[in-house]
Amino acid sequence: MVRRNRLRPVHIASTSWFILSAGYILVLALRQAGKSWWVIVSLSGYSTLLVLLLISLYLFAIFRGVARSQKIQVEHPLTSTGYYMAFYVSTPFLGGLAGMLGMIGEARVSQFLLGIALGSLWATFSVWIVVDPAAGFLEMLLPASRKHRLERLAALRAWREEREKERKRLLAEVDEQERMEQRQWQQILEPHAEKLAELLLKGQRGYKEVEEEAVGLGVRAWQIGGLNCMRELHLMAMELCKSQNKDSSIIDYVSFWWDGIGSWRSPSVV
């Protein structure tokens, strides 16, 4: 983290220098092609947003690469060192310096600056696009790097498998606990289910008394096991009704009788 914080300002400055060099080459090429300044200004105005977006994406990618863990350092003995990182982020400046040395003796200021810009451009392209990926690929071919990478991937797979086993174990425990609760509820709720089924079969005869008794059964189920217990009692009662009254349809009054008990809500009527 300390190394990353130290290199961040250098990297921002070098990237800005790289963009400035590319912009200078573009402007000089347009001027040499006979384009007027207002055309150049118009083009730069439309491209500002795109340039900022590219810079943001690039900085994000590089900062992720700079912050390497100890395991990655074992697999990348060269590109993860502080010296290489410093060289990597300062490449535009080094390329500009090389271009400056190559243009010694040039009297024209525009050509002198062009040589500096071209040096920055080519050096940056060579190191960032060609040299760095090639160096990383060669590092991965080293026996120690390959061995460590295989071990790291194997450890990662083992950790994922262990986590998946733990997840399945927890789910199995939850399912088993729910089944145990369901069996316990069925034993406790059996007489209540029979009574609730009887009330359902009565329908609207003695509606007020029937509803009060059904509400009392719902409250009892809520006290025993909450909403899940109420659902179990409701299901048991409906199954008993269907088995006892096969020839007639059953109106599910329970869903409306229990509205407001605990978290029970009656279905909306469309």
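**View 1. Helix α6 bends by about 35° at V131.** A proline, P133, follows within four residues of V131. The bend at a residue is taken here as the angle between axes fitted to the seven residues ending there and the seven starting there. What you are looking at is a predicted model: local features need pLDDT of at least 70, side-chain atom pairs count only at pLDDT 80 or more, and totals for chains, interfaces and linings use all residues. Residues are numbered from 1 along each chain as its sequence is written, and side-chain values use heavy atoms, with hydrogens and water left out. Helix α6 covers residues 109-140; helices (H or I, at least four residues) and strands (E, at least two) are DSSP runs, numbered from the N terminus. Even with the bend at V131, the 32 residues of α6 reach 45 Å from the first C-alpha to the last, close to the 46 Å expected at 1.5 Å a residue. That expected span is 1.5 Å times one less than the number of residues in the helix.

**View 2. Here helix α4 packs against helix α6.** Two packed helices are described by the angle between their axes and the distance between the axes. For α4 (residues 82-89) and α6, the angle is about 150° and the axes are 10 Å apart. Axes are lines fitted to C-alpha atoms, for helices over the stretch in contact, and angles run from 0 to 180 degrees between N-to-C directions. On the α4 side, Y84, F87 and Y88 make the contact, and α6 answers with V127, W128 and D132 (contact means heavy atoms within 4.5 Å). Sorted by class, that gives 5 nonpolar, no polar and 1 charged residues. For the sorting, Ala, Val, Leu, Ile, Met, Phe, Trp, Tyr, Cys and Pro count as nonpolar, Asp, Glu, Lys and Arg as charged, and the others, Gly among them, as polar.

**View 3. Helix α7 has a kink of about 55° at L189.** The proline P191 comes shortly after the kink. With its 60 residues, α7 should span 88 Å at 1.5 Å a residue, and its end C-alpha atoms are 82 Å apart, which agrees. L189 itself is buried, as are several other residues of α7, including S145, H148, W185, A193 and L200. Buried means under 20% relative accessible area, exposed over 50%, and partly exposed in between (1.4 Å probe, protein chains only).

**View 4. E166, R169 and E173 are linked in a network of salt bridges.** Side chains of opposite charge can pair when their charged atoms come close. A salt bridge here is a side-chain nitrogen of Lys or Arg within 4 Å of a carboxyl oxygen of Asp or Glu, a rule that gives a count of 6. R169 pairs with E166, with 2.3 Å between the closest N and O atoms, and also with E173, at 2.4 Å. E166 and R169 are separated by about one helical turn because they sit 3 residues apart in α7. E173 and R169 lie 4 residues apart in α7, again about one turn. Relative accessibility is 33% for E166, 37% for R169 and 42% for E173, so each counts as partly exposed.

**View 5. E164 forms a salt bridge with R167.** The closest N and O atoms of this pair are 2.5 Å apart. Both residues belong to α7 (residues 143-202), and they are about one helical turn apart because 3 residues separate them. E164 is partly exposed at 31%, and R167 is partly exposed at 43%.

**View 6. S14 of helix α1 is buried, at 0% relative accessible area.** Helix α1 covers residues 2-32. Which residues does S14 touch, leaving aside those up to four places away in sequence? They are V89, P92 and F93. F93 is 79 residues from S14 along the chain, yet their C-alpha atoms are separated by 6.3 Å.

**View 7. N228 of helix α8 (residues 207-244) is shown with W185.** The two are 43 residues apart in sequence and 9.8 Å apart in space, C-alpha to C-alpha. W185 is one of the buried residues of α7, whereas N228 is partly exposed at 45%.

**View 8. The whole protein chain has 9 helices and 0 strands.** Its pattern along the sequence is α-α-α-α-α-α-α-α-α. Of its 270 residues, 28% count as buried. Among contacts with a separation of 6 or more, 72% join residues 24 or more positions apart.
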